[in-house]
Amino acid sequence: METAASNLSATVPASRLTPAFPPAVKVGLTALYTALYALLFLSVYAQLWLVLFYRHKKLSYQTVFLFLCLLWAALRTTLFSFYFRNTLKANHLSPFFFWLLYCCPVCLQFFTLTLMNLYFAQVVFKAKAKYHPELTKGLLVVRGACLGASLLFLAVNVACAVLVRARRAEPWAVVLARVLISDSLFVLGAVTLALCLCLVARGSPSTRVYLEAKGTTLCQTAAMGGAIVLLYASRACYNLAALALSSRTRLDSFDYDWYNVSDQADLITDLGDRGYIVFGLILFVWELLPTTLLVGFFRVHRPVQDMVSCGGWWERWR
């Protein structure tokens, strides 16, 4: 990083270096990015209070999902708050805080996706087990697969971040391996979630009761699943294109002098104006948008008494 900065200074005199955008524009963008994540944080925080107000179960799939989203929004809000005054510090964090602010939110995002997969897969298996008891064993397989995918995702991202920061391996190869594994898991998780949502929406009345209580139709459920798949698949395509067009010796050759890969800042060099804008747009499209969709779709609702008369089994899985 320091070498790149020194080479730049040697090539272009410091007196001729001017920002690509006025400082007021960068401050405005920083305020916008911070406000968006802060609003999502407050929204999730309010829903956690609604869980207590409506007397839902305090420990459930929904509350764990909301807590993960709350932590994710808090980390992203903290990251962007650095860029008001401490831009240099944000680009030269210690390895732990670098991973915590840049990489950990991506892991949290995957954990929320896995959690939703686990919940709706259990809804499907529980409904079908009434007529086919042998399918109950499939729940163990689903739980093991979700746990294994989460541990694999975490291990790959931590290992790759350490290797890149320690400069013990070629960054391009390490990031390529991480992108292939992480984005494949994201796309797989999105596809399975979409399938589970469709199975719940098209299943028996006992499985549809959860979505019907939210006023969600089959078309809305299919649109939600399709949007999640499209967002994560497009991010995987972008990441692969960014790496394919990046030189192995000069990783910032994708015309973004700061951020090449969308889901982790492991190709960071120096903060540039265009790179900062692209960074914010990337996180908005491929992080904030899908997370906001999931939070809105699975938001806390007032309990409906009719659900209890529909068998009540779904409440035990909340």
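This report describes the fold, core, pocket and selected residues of a predicted protein model.

## Overall architecture

The protein chain contains 12 helices and 0 strands. Followed along the sequence, its elements give the pattern α-α-α-α-α-α-α-α-α-α-α-α. Of the 318 residues in the chain, 47% count as buried.

Contacts in this chain often link distant parts of the sequence. Among contacts with a separation of 6 or more, 75% are made by residues 24 or more positions apart.

## The nonpolar cores

The largest nonpolar core has 68 residues, and the members that touch the most others are F65, F80, Y102 and F120. Two or more residues of this core are supplied by each of α2 (23–53), α3, α5 (95–128), α6, α7 (171–202), α9 (218–244) and α10. Helix α5 makes the largest contribution to this core, with 19 residues.

Another core lies apart from the largest one and consists of 8 residues. V156, C160, W172 and V175 are among the members of this other core.

## The second largest pocket

The second largest pocket encloses about 320 Å³ of space. Its lining is formed by 18 residues, of which N117, A145, C146, G189 and T192 are the closest to the centre of the pocket.

Three helices, α5, α6 and α7, each provide at least two residues of this lining. The largest share belongs to α5, which supplies 8 residues. Helix α5 thus gives the largest share both of the largest core and of the lining of this pocket.

## A salt bridge between α3 and α10

The model has a count of 1 salt bridge. This salt bridge joins the side chains of E287 and R76, with a distance of 2.8 Å from N to O. E287 belongs to helix α10 (residues 273–297) and R76 to helix α3, so the pair ties together parts that are 211 residues apart in sequence.

Are E287 and R76 buried or exposed? Both residues of the pair are buried.

## Cysteines and disulfides

A disulfide is a covalent bond between the sulfur atoms of two cysteines. The structure holds 0 disulfides. For C198, the closest cysteine sulfur is that of C196, and the distance of 9.5 Å is too far for a bond; the cut-off for a disulfide is 2.5 Å.

The cysteines also differ in their surroundings. C198 is partly exposed, its relative accessible area being 27%. C237 is exposed, with a relative accessible area of 54%, a value over the 50% limit for that class.

## Two residues of helix α6

S150 is placed in helix α6, which spans residues 137–166. The relative accessible area of S150 is 14%, so this residue is buried; the class covers values under 20%. When neighbours within four places in sequence are set aside, the contacts of S150 are with F110, F111 and T114.

V158 also lies in helix α6. V158 has a relative accessible area of 32% and is therefore partly exposed. From C-alpha to C-alpha, V158 and C103 are 8.2 Å apart in space, although 55 residues separate them in sequence.

## Two arginines in loops

R55 occupies a place in the loop between α2 and α3. The phi angle of R55 is near 60°, which is a positive value in a residue other than glycine. Why does R55 count as exposed? R55 counts as exposed because its relative accessibility is 76%, where the class begins over 50%.

R85 is found in the loop between α3 (61–81) and α4 (87–91). R85 likewise counts as exposed, at 79% relative accessibility. The C-alpha atom of R85 is separated by 9.4 Å from that of V27, a residue 58 residues apart from R85 along the chain.

Key
Residues are numbered from 1 along each chain as its sequence is written. This is a predicted model: local features need pLDDT of at least 70, side-chain atom pairs count only at pLDDT 80 or more; totals for chains, interfaces and linings use all residues. Side-chain values use heavy atoms; hydrogens and water are left out. Helices (H or I, at least four residues) and strands (E, at least two) are DSSP runs, numbered from the N terminus. Buried means under 20% relative accessible area, exposed over 50%, partly exposed in between (1.4 Å probe, protein chains only). Contact means heavy atoms within 4.5 Å. A salt bridge is a side-chain nitrogen of Lys or Arg within 4 Å of a carboxyl oxygen of Asp or Glu. A nonpolar core is a set of buried Ala, Val, Leu, Ile, Met, Phe, Trp, Tyr and Cys residues joined through side-chain atoms within 4.5 Å. On a 1 Å grid over the protein atoms alone, a cavity is a set of points where a 1.4 Å probe fits but cannot get out, and a pocket is an open set with protein on both sides within 12 Å along at least five of seven lines; lining residues have an atom within 4 Å of a point. Grid points are joined across faces, edges and corners, and a volume is the space filled by probe spheres set on the points.
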